[in-house]
Amino acid sequence: MATPEPPAVPDAPSASDPAANDTIFGRILRGEIPCDQVYADERCLAFRDVAPQAPVHVLVIPRAPIVRLDQAGEEHAGLLGHLLLVAARVARQEGLTGFRTVINSGAEAGQSVFHLHLHVIGGRPLAWPPG
Ligand code: AMP
């Protein structure tokens, strides 16, 4: 009897896939759909997660359409540092004394929107390890 095929794991689009630029976050960046914005500058946008996992749950996204963290290169080093500083700024702005940043990279890690984003989560005690 043949061994059953393992369930298919959804593939993330590659950086060269034009569809990678057309995620829901791309649509937010282009102003095609609204968001609850908390911060914006020339390199990134931060807005509240539509399905918050804590009293404060903000997403920080680069304007550049980087698909996921492992597709960022040396040329993005400054931008990645900037995203972290913006995450800390947003946490201060939200009055958080402690917070967690999360980047899910790839479907196996729970990434569901294939435009790089940092989660900024806080406002309640956060357990470790994460699920
Ligand atoms: P991840 O699972 O790491 O890819 O995170 C994607 C996040 O985007 C999830 O927490 C979703 O709740 C959130 N999300 C999806 N669509 C929207 C939207 N239109 N506005 C705000 N957050 C969204």
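User: Where does P129 lie relative to β5, and what makes β5 a strand?
Analyst: P129 lies in the segment after β5, and β5 covers 118-122, where a strand is a DSSP run of E with at least two residues, a helix one of H or I with at least four, both numbered from the N terminus. A cis peptide bond joins W128 and P129, with omega at about 0 degrees. This is a predicted model, in which local features need pLDDT of at least 70 and side-chain atom pairs 80 or more, while totals for chains, interfaces and linings use all residues. Residues are numbered from 1 along each chain as its sequence is written, and side-chain values use heavy atoms, without hydrogens and water.

User: How do you know what space the ligand takes?
Analyst: The ligand takes the space of the largest pocket, a statement that requires more than half of its atoms to lie within 2 Å of the grid points. That pocket has a volume of about 660 Å³, and of its 30 lining residues D49, Q53, H57, N104 and H119 are the closest to its centre. A pocket here is an open set of points on a 1 Å grid over the protein atoms alone, where a 1.4 Å probe fits, with protein on both sides within 12 Å along at least five of seven lines; lining residues have an atom within 4 Å of a point.

User: Which elements give two or more residues to the lining of the largest pocket?
Analyst: They are α1 (24-29), β2 (44-48), β3 (56-62), β4 (99-102) and β5 (118-122), and the largest share, 3 residues, comes from α1.

User: What makes the approaches of D49, G110 and H117 to the ligand polar contacts?
Analyst: A polar contact is a pair of N or O atoms within 3.5 Å. An oxygen atom of the ligand is 2.5 Å from an N or O atom in the D49 side chain, a backbone N or O atom of G110 lies 2.8 Å from a ligand oxygen, and for a polar side-chain atom of H117 the distance to a ligand oxygen is 2.9 Å, so each pair meets the cut-off.

User: How much of the ligand does the protein bury?
Analyst: Taken alone the ligand exposes 500 Å², and the protein buries 81% of that, with areas from the Shrake-Rupley method and a 1.4 Å probe.

Technical notes:
Points joined across faces, edges and corners; volume = space filled by probe spheres on them. Polar contact = N/O pair within 3.5 Å; in protein donor to acceptor, adjacent residues only side chain to side chain.
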